[in-house]
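Open the model in your viewer and keep the selection panel handy. We will go stop by stop, and at each one you will hear what to select and what is there.

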Amino acid sequence: MSQLTLIQGHAAPLRIANFDTDQVMPKQFLRGIDKSGLKDGLFYDLRFDDEGQLKPDFFLNQAAYALTDVLMTGPNYGCGSSREHAVWGMQQYGFKAVIASSFAEIFYSNAMGNRLLLVVLPEEQVQALMQEADEQCGPIPIKIDIEKGVVISPKHRYAFSMSPRHQQMFLEGLDVIGLTLKYQDQIDRFAQAHWQANPWIKNIARRVVDRLANSSQA
Amino acid sequence: MTVKTLYQKLVDSHTVAVLDQEHVLLFCDLHLMNEYTSPQAFAGLEEKGYAVPVPEQNVAVVSHIIPTHHTSPRIIADPASSLQAINLKRNCDKYHIPLFDTNDALQGIEHVVSPEHGMIRPGMVVICGDSHTTTYGALGALGFGIGTSEVEHVLATQTLVYRLAKNMRITVNGILPVGSTSKDLILMIIGKIGAKGAIGYVIEFCGTAIEALTIEARFTLCNMAVEAGARGALIAPDQTAYDYVLERAQDMVGEIRDQAMISWGDLRSDISAHFEIEHEFDASAVVPHVTWGTSPDQTVAIDAPLPHHHSFSDPVENLSLEQALRYTKLEAGQTLEGVPIQHVFIGSCTNGRIEDLRSVVKVVGDRKVAKGVRAMVVPGSGAVKEQAEAEGIADLLIAAGFEWRNPGCSMCLAMNDDVLEPGVRCASTTNRNFEGRQGRGAITHLMSPAMAAAAAITGKITDVRKL
């Protein structure tokens with residue numbers, strides 16, 4: 001996987017708190033068995049009217065905001081459904097990062113795993129960056145240095161932190177499953193001891209489903 | 001010995017390796033899957049050539065996309081959704097993973113099906129590509145939702161790279177008054193602590209009011225903890241939990257049972273265990289609660305006025321409140337009682353179990369669904385449906401004018417045939433009142449099954465205590 005040490009882009013505000021993944025990627029776009037076609041679904045109800053026409057008042061539909069690829073938004077962004085389609089859709093649309101004072105836990109994990117960078121800043125700093133975009137009626141040029149943990153706009157410079165593990169995911173690119181499989185012997189040993197101590201958990205899904213199948217035949 | 005919370009005990013007993021200060025490699029006892037968050041995970045396995053080493057600890061259920069109208073056999077008419085179900089079957093066959101398929105008599109919502117057959121037991125770690133996996137805390141199991149990349153990780157390794165959460169304790173003492181349920185309690189709690197109030201935390205619920213709840217009522221409570229941002233919810237298993245599990249886990253007899261009882265006895269927070277945040281609530285003050293907005297924390301007591309936009313110090317929160325009022329076509333300061341509804345939905349992993357349906361029938365009695373109201377009842381699973389039919393609940397509901405449907409997630413998230421039209425206002429026993437969740441432009445009011453039943457009868461949001 002490639003290195004990603006610096007994100008340079010254009011940040012615009014979406015002033016909504018608790019923006020949920022149902023709104024990021026509505027249900028009608030979750031019917032696939034692959035990751036394709038999610039660009040169209042992103043923020044669908046905000047971007048499109050009842051007739052499927054672009055809503056001119058939504059910022060992403062305006063020429064001034066065409067370069068937007070970093071979102072600045074309210075707290076608890078990505079709450080609700082676990083659908084990773086929300087992250088894939090943001091990336092397919094072109095988003096590289098989201099800045100907010102907090103993110104929902106499942107969304108955080110989904111995003112960082114896909115290397116959609118989530119930057120957590122104190123709410124006042126998020127507000128200050130949003131204000132800066134308002135003043136120029138368009139997205140602000142923004143530089144996010146992942147290695148140094150700093151967000152730089154024309155007017156502001158804010159430090160942010162993330163766990164070393166997540167930082168490494170961006171800087172080096174990690175094959176998470178591949179790394180875990182290096183623990184295979186440890187996993188096997190753990191499982192044997194765990195099932196010995198808790199035999200009622202071993203093969204639980206298979207045993208219960210087989211029992212149900214047998215009793216319905218009887 | 002170190003003093004630990006129940007959460008810490010569950011994590012420690014499933015830690016294969018400590019990866020760094022914030023992350024552990026967590027062993028997963030049971031991994032549940034559905035048809036829409038798993039396909040890309042299976043595709044990833046195939047692409048990279050990974051095996052599924054322990055398929056016996058995984059199970060899949062067709063739940064979200066399935067239509068709930070009465071046909072036999074059940075047919076998924078939408079071609080894309082049908083492909084998801086076919087694909088799930090193909091993947092489960094290929095990797096030998098047990099499946100509750102479209103036409104399995106026991107099919108239903110994953111979080112209803114798995115505990116009702118004894119698949120969830122105290123002390124387990126249960127994960128699923130669905131946020132409402134927090135439900136299992138009701139039995140002292142650590143349950144939480146994951147994304148599709150993590151589904152792939154669990155399939156390939158039976159473990160998860162898990163970011164540790166902090167500990168929050170919510171103590172609820174007292175007795176819930178007549179007319180109030182665990183749904184009202186959790187709506188009240190989410191309203192108080194907020195939709196982000198528990199981000200990064202696992203909540204342990206305790207206190208006399210929690211101890212008095214049935215397991216199904218505890219499911220409702222733990223299910224919705226995620227709406228406060230919680231990474232998990234736990235209730236220390238007690239005799240009520242043991243009884244629920246042992247009644248269903250038919251393999252747990254003799255020595256195994258004795259061994260389990262000893263092991264489960266330790267599943268409680270140590271007396272001096274530290275919780276970073278503590279909240280306390282009085283159950284006797286909980287009245288029926290209904291959501292008014294587009295976030296589950298936008299909730300009020302049935303007799304209380306809606307908040308004014310200046311009630312928050314945060315400008316984004318104020319904007320969101322204004323937008324929520326615009327969307328739900330309500331006014332600041334008004335009360336919800338008497339607001340007309342056109343639709344009632346009773347079901348979901350929050351409130352689609354037999355006790356929920358019993359409480360509906362109790363409220364309905366010999367009354368009828370109000371004229372002009374469409375009221376749907378969707379049992380959470382095939383087993384719940386069969387039980388309700390055996391108890392005469394289905395006949396009573398049908399006679400009262402309710403639609404009695406096949407099990408599934410249905411209108412909770414409306415990614416099937418059950419979708420509301422724009423502008424329709426719905427009294428719903430589900431868990432999310434997000435904009436467009438039940439259909440674009442549709443308005444959702446979350447409430448208890450009893451309150452939804454009352455709304456069905458009167459055609460407006462109604463205080464069930466006055467009915």
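Before we set off, here is one term for later: a crossing of two helices is called right-handed if the near helix is turned clockwise from the far one by less than a right angle, and left-handed if anticlockwise. Please also keep in mind that this is a predicted model.

**Stop 1: chain A**

Select chain A and color it by secondary structure. You should find 9 helices and 7 strands. The C-alpha trace spans about 70 × 45 × 30 Å along its principal axes. Chain A has a radius of gyration of 22 Å, whereas a compact globule of 218 residues would have one near 17 Å. Of those 218 residues, 43% count as buried. Contacts in chain A with a separation of 6 or more are 69% between residues 24 or more positions apart.

**Stop 2: where chain A touches chain B**

Now show both chains. How many residues of chain A are in contact with chain B? There are 62, and they meet 81 residues of chain B. To see the chain A side, highlight α1 (21–24), α4 (105–113), α6 (164–171), α7 (176–181), α8 (184–197) and α9 (204–217), each of which supplies at least two residues. Which of the helices gives the most? That is α9(A), with 9 residues. Color this side of chain A by class and you will have 25 nonpolar, 20 polar and 17 charged residues.

**Stop 3: chain B as a whole**

Hide chain A and select chain B. This chain has 16 helices and 19 strands. Its radius of gyration is 21 Å, close to the 23 Å that the globule rule gives for 467 residues, so chain B is as compact as a globular protein of that length. The C-alpha trace of chain B spans about 55 × 55 × 45 Å along its principal axes. Of the 467 residues, 63% count as buried. For contacts in chain B between residues at least 6 apart in sequence, 76% join residues at least 24 apart.

**Stop 4: α2(B) and α5(B)**

Select residues 39–48 and 148–157 of chain B, which are helices α2 and α5. Their axes come within 8 Å and cross at roughly 50 degrees. Why is α2(B) called oblique to α5(B)? An angle counts as oblique when it is neither under 35 degrees, nor over 145, nor from 65 to 115, and the crossing of α2(B) and α5(B) is therefore oblique. The crossing is right-handed. Show side chains for Q40(B), A41(B), G44(B) and L45(B) on α2(B), and for T148(B), V151(B), E152(B), L155(B) and A156(B) on α5(B), since these make the contact. By class, the contact has 5 nonpolar, 3 polar and 1 charged residues.

**Stop 5: α13(B) and α16(B)**

Next, select α13(B) together with helix α16, residues 449–458 of chain B. The two axes come within 8 Å and cross at roughly 40 degrees, and this crossing is right-handed. On α13(B), D356(B), S359(B), V360(B), V363(B) and V364(B) make the contact, facing P449(B), A450(B), A453(B), A454(B) and I457(B) of α16(B). The contact has 8 nonpolar, 1 polar and 1 charged residues.

**Stop 6: α14(B) and its cover**

Select residues 382–390 of chain B, helix α14, where G382(B), A383(B), V384(B), K385(B) and A388(B) are buried. What covers them? The cover includes α4 (110–116), α13 (354–364) and α15 (393–400) of chain B. After α14(B) comes G392(B), with a positive phi near 85 degrees.

**Stop 7: E110(B)**

Zoom in on E110(B), which is in helix α4 of chain B. Is E110(B) buried or exposed? E110(B) counts as buried because it has 28 C-beta neighbours inside 10 Å. Leaving out residues up to four places away in sequence, E110(B) touches L32(B), N34(B), V61(B), S63(B), C128(B) and D130(B). Add C349(B) too: 239 residues separate it from E110(B) in sequence, yet the two are 7.9 Å apart, C-alpha to C-alpha.

**Stop 8: C222(B)**

Finish at C222(B) in helix α8, residues 215–223 of chain B. With 28 C-beta neighbours inside 10 Å, C222(B) counts as buried. Neighbours within four places in sequence aside, C222(B) is in contact with T134(B), T135(B), G137(B), A138(B), A233(B) and I235(B). Draw a distance from C222(B) to G232(B), 10 residues apart along the chain, and the C-alpha atoms are separated by 7.9 Å.

Definitions and conventions
Residues numbered from 1 in each chain as written. Chains lettered and ligands numbered in written order. Predicted model: local features only at pLDDT ≥ 70, side-chain atom pairs only at ≥ 80, totals over all residues. Helix = DSSP H or I, 4+ residues; strand = E, 2+ residues; numbered from the N terminus. Rg over C-alpha atoms; globule rule 2.2 N^0.38 Å. Buried ≥ 20, exposed ≤ 12 C-beta atoms within 10 Å, placed from the backbone. Contact = placed C-beta atoms within 7 Å. Nonpolar A, V, L, I, M, F, W, Y, C, P; charged D, E, K, R; others polar. Axes fitted to C-alpha atoms, helices over the stretch in contact; angles between N-to-C directions.
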